[in-house]
Amino acid sequence: MERNNKKITIAIDGFSSSGKSTMAKVLARNIGYAYIDSGAMYRAITLFCIENALIDDSGNVNETELERRIGNVSISFEVNPSSGASEVCLDGRNVEGKIRGMRVSNLVSKVAALPFVRRAMVAQQQQMGASKGIVMDGRDIGTTVFPDAEMKVFVDASAETRAHRRYEELKQKGQIASYDEVYRNVCERDHLDMTRAESPLRKADDAYVLDNSDMTIAQQNAWLMCLYNKIINQ
């Protein structure tokens, strides 16, 4: 539990499948903070595009129509009573399972790169974190969403390690994908995330780097808690 009444903002950024969402959830639960998965918001917008024929499998987006409609798209989070996990809803419908498949994974970086999409999501994220006491993970949380966050972490791991983690996760969920497909997806998303014009993925100058390539989940959770205790008690 939290050790004092001070509330801070915690921004955890990093590459896809680096484990940042898992560690952010655990940290938020351990210190009694709210948790927001910003990547799930972009995935939900991508699912909206798929379901409304606003994007094809090559990633070509009907930008005019999406920009016209994005203001009416509702993205929210609800707690799953059985797991205690925060899950994303699209227009009031729980889509947590749907947004994690390979089709959304293959297209999300194209949608997330659109400047008007990022501006809309960043505005919502900043509103969610206005009262502090929040852990948010994503690609641009420490650089764009919360540049003044008191605790910033940038999570890294090799592309091979991240692809293996993602492949095992998909297998456990019963979703069919080959390792080669997952590895290509990881590398493509890295490139798109780092080279997009609007708030690209990069380490904030004042972020702590966590390379968890060879760390256990317990070790990375302990590392984060140690850093949190150091910052909260300064």
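**Exercise 1. Strand S6**

Which residues point one way from S6, and which the other way? Determine also whether S6 is enclosed or not.

*Solution.* The structure is a predicted model.

Step 1. Ile134, Met136 and Gly138 point one way from S6, while Val135 and Asp137 point the other way.

Step 2. The residues on both sides are buried. Because five of the five residues of S6 are buried, this strand is largely enclosed by the rest of the structure.

**Exercise 2. The sheet around S6**

Establish the strand order of the open sheet, its edges and the pairing partners of S6.

*Solution.*

Step 1. The open sheet consists of five strands with parallel pairing, in the order S2-S6-S1-S7-S8.

Step 2. Strand S2 (34–37) and strand S8 (208–211) pair on one side only and are therefore the edge strands. On average, neighbouring strands of this sheet are turned by 20 degrees against each other, direction ignored.

Step 3. S6 is joined to strand S1 (residues 9–14) by five bridges, and the two run parallel. Thr9 stands opposite Ile134 of S6, and Ile10 has Val135 as its bridge partner in S6.

Step 4. S6 is also joined to S2, by four bridges and again in parallel. Here Tyr35 has Val135 of S6 as its bridge partner.

Step 5. Helix H1 (residues 20–31) packs on the sheet, where it touches S1, S2, S6, strand S7 (151–156) and S8. The direction of H1 makes about 180 degrees with that of S6.

**Exercise 3. Arg29 in helix H1**

Locate Arg29, decide whether it is buried or exposed, and relate its position to Gly84.

*Solution.*

Step 1. Arg29 belongs to helix H1.

Step 2. The relative accessibility of Arg29 is 58%, so the residue counts as exposed; the cut-off is over 50%.

Step 3. Although 55 residues separate Arg29 and Gly84 in sequence, their C-alpha atoms are 9.4 Å apart in space.

**Exercise 4. Helix H5 and its packing**

Compare the span of H5 with the expected value, and identify its buried residues and what they pack against.

*Solution.*

Step 1. Helix H5 (residues 115–128) has 14 residues. From first C-alpha to last, H5 reaches 20 Å, close to the 20 Å expected at 1.5 Å a residue.

Step 2. Buried in H5 are Phe116, Val117, Arg118, Met121, Val122 and Gln125. An α-helix has 3.6 residues a turn, so residues three or four places apart point the same way.

Step 3. These buried residues pack against helix H2 (38–51), helix H3 (63–69), strand S3 (75–79), helix H4 (102–112), strand S6 (134–138) and helix H6 (141–145).

**Exercise 5. Asn185 in helix H8**

Is Asn185 buried or exposed, and which residues does it contact beyond its neighbours within four places in sequence?

*Solution.*

Step 1. Asn185 lies in helix H8 (residues 179–195). With a relative accessible area of 5%, Asn185 is buried.

Step 2. With those sequence neighbours left aside, the contacts of Asn185 are Met102, Ser105 and Asn106.

**Exercise 6. Cysteines and confidence**

How many disulfides does a search of the whole structure find? Report also the confidence of the model.

*Solution.*

Step 1. The search finds zero disulfides. For Cys49, the nearest cysteine sulfur is that of Cys89, 18 Å away, whereas a disulfide requires sulfur atoms within 2.5 Å.

Step 2. Cys49 counts as buried at 0% relative accessibility. Cys89 is buried as well, with a relative accessible area of 3%.

Step 3. The average pLDDT of the protein is 91, and 98% of the residues score at least 70. Confidence is lowest in S3, with a mean of 87, and highest in H3, at 97.

Methods. Residues are numbered from 1 along each chain as its sequence is written. This is a predicted model: local features need pLDDT of at least 70, side-chain atom pairs count only at pLDDT 80 or more; totals for chains, interfaces and linings use all residues. Side-chain values use heavy atoms; hydrogens and water are left out. The expected span of a helix is 1.5 Å times one less than its number of residues. Buried means under 20% relative accessible area, exposed over 50%, partly exposed in between (1.4 Å probe, protein chains only). Contact means heavy atoms within 4.5 Å. Axes are lines fitted to C-alpha atoms, for helices over the stretch in contact, and angles run from 0 to 180 degrees between N-to-C directions. pLDDT is the predictor's confidence in each residue, from 0 to 100.
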